[in-house]
Amino acid sequence: ENPTSSPTYYSTYPPTQNSVENPTSSPTYYPTYSPTQTPTENPTSSPTYYPTYSPTQTPTECNDNEECYAFASGHKIIPVCEWVKKALNRCKFESKLYVTPESLPKGSPLLRDICPKSCGKCTL
């Protein structure tokens with residue numbers, strides 16, 4: 001018989017007895033053959049030979065910067081944090097006004113940024 005021009009709602013042929021009572025084993029043919037080669041060679045080595053066991057410096061470590069210096073009375077140069085410890089209200093002072101220009105670290109607008117331990121800025 002000729003095929004219909006469009007899909008039909010019902011099957012044009014009734015099922016055969018074999019299709020229900022005696023099904024064939026499934027699948028009748030192997031679907032594919034196994035690959036002829038492995039997809040990749042052995043994995044590459046790790047980026048590093050030995051892993052690190054712990055950070056070299058704890059992230060919560062809080063120390064004063066001992067490389068910054070201040071002009072104290074009489075134009076004597078002393079470590080800035082030593083000068084700050086003598087009067088903790090100095091923690092709120094602007095760094096650029098008290099620290100020698102060559103020892104002033106970038107990103108430290110106030111003396112408490114240079115001397116966090118002396119100024120009580122450290123949290124445990």
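Of the 124 residues in this chain, 18% count as buried, and I would like you to keep that figure in mind while we walk through the structure, which is a predicted model. The secondary structure comes to four helices and two strands, and if you read along the sequence you meet them in the pattern α-β-β-α-α-α. The chain exposes about 11700 Å², with carbon and sulfur atoms supplying 55% of that area. As for contacts with a separation of 6 or more, 40% of them are between residues 24 or more positions apart.

Let us begin with the inside. Which residues make up the largest nonpolar core? There are 12 in all, namely Cys68, Ala70, Ile78, Val80, Cys81, Trp83, Val84, Cys91, Val99, Leu111, Ile114 and Cys115. Two elements give two or more residues to this core, helix H2, which spans 80-85, and helix H4, which spans 111-114. The largest share, four residues, comes from H2. As background for those of you who are new to this, in soluble globular proteins nonpolar side chains tend to be buried together.

Now let us look at single members of that core. Cys81 lies in helix H2, and because its relative accessible area is 1%, while the cut-off for buried is under 20%, Cys81 counts as buried. If we leave aside its neighbours within four places in sequence, Cys81 is in contact with Asp64, Asn65, Ile114, Cys115 and Ser118, and two of these, Ile114 and Cys115, are themselves listed in the core. You may also note that Cys81 and Tyr69, which are 12 residues apart in sequence, are 8.0 Å apart in space, from C-alpha to C-alpha. Another core member is Cys91, and, with neighbours within four places again left aside, Cys91 is in contact with Val84, Leu110, Leu111, Arg112 and Cys119.

The residue just before Cys91 deserves a careful look. Arg90 has its place in the loop between H2 and helix H3, the latter covering 95-98. Is the side chain of Arg90 buried or exposed, and what is the nearest side chain of opposite charge? Arg90 is buried yet has no salt bridge, and the nearest side chain of opposite charge, that of Glu82, is 9.6 Å away. A salt bridge would need a nitrogen and an oxygen within 4 Å, so the 9.6 Å to Glu82 does not qualify. What Arg90 does touch, not counting residues up to four places away in sequence, is Trp83, Val84 and Leu111, and these three also appear in the core list.

Where, then, are the salt bridges? A search of the whole structure finds two. In one, Glu94 pairs with Lys96, with the closest N and O atoms 3.9 Å apart; here Glu94 is partly exposed at 38% relative accessible area, whereas Lys96 is exposed at 60%. In the other, Asp113 pairs with Lys121, and the closest N and O atoms are 2.8 Å apart. Asp113 is partly exposed at 26%, and Lys121 is partly exposed as well, at 44%.

Leu110 brings us back to the loops, since its place is in the loop between H3 and H4. Leu110 and Ser95 are 15 residues apart in sequence, but their C-alpha atoms are 4.8 Å apart in space. Not counting residues up to four places away, Leu110 touches Cys91, Lys92, Phe93, Glu94 and Ser95, and Glu94 is the residue we have just met in a salt bridge with Lys96.

Finally, we come to the strands and the surface. Tyr69 sits in strand E1, residues 69-71, and is partly exposed with a relative accessible area of 34%. Together with Phe71 and Ile77, Tyr69 makes a nonpolar surface patch of about 290 Å². Pro79 lies in strand E2, residues 77-79, and at 23% relative accessibility Pro79 counts as partly exposed. Apart from neighbours within four places in sequence, Pro79 is in contact with Glu66, Cys68, Tyr69 and Ala70, so that residues of E1, including Tyr69, are among its partners. Pro79 and Val99, for their part, are 20 residues apart in sequence and 9.0 Å apart in space, again from C-alpha to C-alpha.

Note on methods:
Residues are numbered from 1 along each chain as its sequence is written. This is a predicted model: local features need pLDDT of at least 70, side-chain atom pairs count only at pLDDT 80 or more; totals for chains, interfaces and linings use all residues. Side-chain values use heavy atoms; hydrogens and water are left out. A nonpolar core is a set of buried Ala, Val, Leu, Ile, Met, Phe, Trp, Tyr and Cys residues joined through side-chain atoms within 4.5 Å. Buried means under 20% relative accessible area, exposed over 50%, partly exposed in between (1.4 Å probe, protein chains only). Contact means heavy atoms within 4.5 Å. Lys and Arg count as positive and Asp and Glu as negative; His and the chain ends are not counted. Patches are made of residues with over 30% relative accessible area and no salt bridge: like charges are joined within 9 Å, nonpolar side chains (Val, Leu, Ile, Met, Phe, Trp, Tyr) within 5 Å. Accessible areas come from the Shrake-Rupley method with a 1.4 Å probe; for residues, only the protein chains shown count as cover.
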